[in-house]
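Biologist: Before I plan anything at the bench, could we go through this model together, with the reasoning spelled out at each step?

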Amino acid sequence: MMVPAGHAVEPSLSIRGLSKTYAGGVQALNNVNINVAPGEFLVILGPSGAGKSTLLRCVNRLVEPSAGEIFHNGAKITGRRRGLRAIRRQFGMVFQQFNLVKRLSVLTNVLTGRLAYRSIWRSLVYSFPEADKCIAIECLARVNMDHKAFQRADTLSGGEQQRVAIARALAQQPKVILADEPVASLDPKIARQVLSYLREAAQELGITVLCNLHQVEYAREFAERVVGMSHGSVVFEGSSLELTDDILHRIYYREPGEEEKEEA
Amino acid sequence: MAAPVAPVDGVLAALAARKRWRLHHIAGAAALIAFLLWCADGVNLRPRELAGALPLIGEYFYRMAPPKWEFSEVLWKPALETIYIALWGNVIAIVIGLPLGVLAASNVTRSAPLRAAAKALLNLQRSISEMIWAVFFVAAVGLGPFPGALALGVNFGGILGRLYAEALENIDPGPVEALAATGASRLQVILYAMFPQALPQFVTYNLYWFEVGVRSATVLGMVGAGGIGFELVTTIRLFEWRETGVVLLLILAMVTLIDLASTWIRARIY
Amino acid sequence: MSAATFEAAVANALALESERRMRRATRAAVWAVAVVAVLWFTAAQIGLNPAALVKGVPFMVDFFSRMFPPDLSHLLLLGRATVETVQIAVWGTLIAVMLSIPFALLGARNTTPHPLVFHATRLFLNALRAINELVFALIFVAAVGLGPFAGVLAIALHATGMLAKFCAEEVEGADRGPIEAMQATGAGRMQVILFGIVPQVIPAFVSYSVYRFDVSIRAATILGLVGAGGLGFSLIKTMKLFKYHETATCILVIFLLVFVSDWICARMRSRIL
């Protein structure tokens, strides 16, 4: 089970012994180890509350891990506070609630993906260089939203907003995209469309994708490889073809502490 | 419950139990009434006084009719001045209130001492009425509309600053997280995710406090801080009630017009 | 999609963007000029200039230095005035609450007996709102003499305008469902108002009344400027007698009173809603 594509080459992302306990004492992650190959579309599957969201947020340090390390292309990205912006710039993020700034235009929303590359003085007057606009529009074209570039974000439907959010992540020219339940608020037809756009763009640009999902059918359809999570631990790692009923039961219905019994 | 009781009886009994007045209810009501009577005594509010006062007040309003329209010629300048004071009061309030409001908002400013300092300053400005500020500024820069605008600016700056801070605190945190995740700096996140969300609120508050400012500016003249209040006080002191009537009607017209204008603008900004 | 299509899309959108940017820049420039012109003109009209402010700074410093330190022995004498300020606010607000209920029902489109009554009530309420407490106080002092009684009436009238308008809008915004259900049972007009509308608006009305009390306290602190009782009278009196140390004490007491009332009222409102 542990011989997926990732091992031949150096992993794009290597998560080692990652744990996170929140201030309230809730343990969200417990010694998570995952390797992600460059350009891979990895789905992290699990029920809500399994720690998927915390895992992604540890990668771009929206959440500080309690223990463990993360390496990106061999460089350690956890621990130091310095250079955090440069680290985050390499990771695009897509959210369940899209998180667009609703009163700004679609184009400006995508342009915010370029902010980390630009000085604060230019940002102060809400102005972007021509080169950034080119990048932003191209990213919009990739998700087929360039025809609505000048509309306000709140005039778009949910699926369209998520496509714009993907364009914003692409505009960062990231190495990795972290997608946190990107289709949980969308109906099935739109959800498949959005996931297709995400996979296609990532493939063309060679971007690694970590995508949280809780629906098994999308994981079967889109994933190259699946990591199953339950109660903060990885309980499965393998191809989507290996997702048997037994394994799904382990991901979705396991009680905390059951794992040890099974292994014993 | 020992014996089985019909459900209706049970509910009725429960209702009766809820309705029964407890001793502390009676004591509370008595204390409240005593407090109110004590207050009424303190401000000379007695039924007989009130009955006597109402006709008197009616008579004074009656004396204002018919308004002496010629007087309005004198009033144009102070009336416009009132609006200018309100306008500049608002501008000064924005200049003072916006930075303080940003500093006082918990999701923008991380440093707790800085936040507390900003809040304390806003409270000081807010708690002291614009009339008292006006007295102070008249003493500092002399009589006229300028101290009036300063007084409104300082007081409204405190009020608006707090409202700005609340508007910022109530924005959707999602886009803020999204922009932080792109690697944007703190200031960029504030400019691109926080301000655009809070802006309509800011404009609404400013429009509303402009209306309030016009109403306040009508009385600043009582302490020599410009506007139509000076004419108002003078006519009342000289018992020129028909002139007073004109002033009151003009104030009413002014406030109504501005009310309509700001409703019109507000419908257009979202 | 091929790279060529992206290029076309980018060129197309960039052209549109620069066109839009030009249009927006022009519009922004026009607005900026207009705003600056208005501010410039009005600043000149009211004699607003930074130079006067800078020149005023020594006077302000002088004023402050003469107030400092506050004469705390004066504190005892202010007890009576502080109590009076609160008493004025209590009765001013209470009368306003009582008066605003009938006015609100007359001034709400869905409860008014006649459209004419509606418009007349709204006009009257607007007049009460437009005229500042101090103006009323000034007239009432002339009518019923100096003292807190005139202050109570002044606050009551202005607060009635505010409260009744707020309440009328709440009544108009009441959920139609329960009202229609009541009408369907054959309830009379008064019954529908009492059981269908009043329960819906009570929490907001009580909360706003508490807020109004807070505002009334603030207003009551300055009524004394025109002789209508409260702390403002001590303030203006000590100032006219150049006893600035005592003025400072007055301002301190006013600040504390407003601060405490603000805190209490905010807590009460958060418990109601």
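The exchange below takes up the packing, one helix, one acidic residue and the aromatic rings of this predicted model.

Biologist: Which helix gives the largest share of the largest nonpolar core?

Modeller: That core holds 201 residues, and those touching the most other members include Leu45(A), Met222(B) and Trp91(C). The largest share, 15 residues, comes from residues 186-220 of chain B, which is helix α9 of that chain.

Biologist: Which residues of chain C does Met222(B) touch, leaving aside residues up to four places away in sequence?

Modeller: Met222(B) is itself among the core members that touch the most others. Within its own chain its contacts include Met131(B) and Phe230(B), while from chain C it touches Leu134(C), Val135(C), Leu138(C) and Val226(C).

Biologist: Is helix α9 of chain C, residues 231-240, largely enclosed or not, and which helix of chain B do its buried residues pack against?

Modeller: Seven of its ten residues are buried, so this helix is largely enclosed by the rest of the structure; among the seven are Leu231(C), Ile236(C) and Met239(C). From chain C itself, the helices packed against these buried residues are α2, α3, α8 and α10. The partner from chain B is α6 (130-141).

Biologist: Is Glu17(C) buried or exposed, and with which side chain does its own side chain make a polar contact?

Modeller: Glu17(C) lies in helix α1 of chain C, residues 3-45, and its relative accessible area is 11%, which is under the 20% cut-off, so it counts as buried. The residues it touches, not counting those up to four places away in sequence, are Leu107(A), Lys133(A) and Phe150(A). The polar contact, at 3.5 Å, is with the side chain of Lys133(A).

Biologist: What kind of aromatic pair do Phe242(C) and Tyr244(C) form?

Modeller: The search of the whole structure finds 21 aromatic pairs over all chains. In this one, the ring centres lie 6.2 Å apart and the planes stand at 70°, an angle over the 60 degrees cut-off, so the pair is edge-to-face.

Biologist: Which of these two residues, Phe242(C) or Tyr244(C), is exposed?

Modeller: Phe242(C) comes just after α9(C) and takes a positive phi of about 60°, and both residues belong to one aromatic cluster that also includes Trp133(B) and Phe63(C). Tyr244(C) is buried at a relative accessible area of 10%. The exposed residue, at 60% relative accessibility, is Phe242(C).

Notes: Residues numbered from 1 in each chain as written. Chains lettered and ligands numbered in written order. Predicted model: local features only at pLDDT ≥ 70, side-chain atom pairs only at ≥ 80, totals over all residues. Heavy atoms only, no water. Core = buried A, V, L, I, M, F, W, Y, C linked by side-chain atoms within 4.5 Å. Buried < 20%, exposed > 50% of the residue type's maximum accessible area, 1.4 Å probe, protein only. Helix = DSSP H or I, 4+ residues; strand = E, 2+ residues; numbered from the N terminus. Contact = heavy atoms within 4.5 Å. Polar contact = N/O pair within 3.5 Å; in protein donor to acceptor, adjacent residues only side chain to side chain. Phe/Tyr/Trp six-rings, centres within 6.5 Å; stacked < 30°, edge-to-face > 60°.
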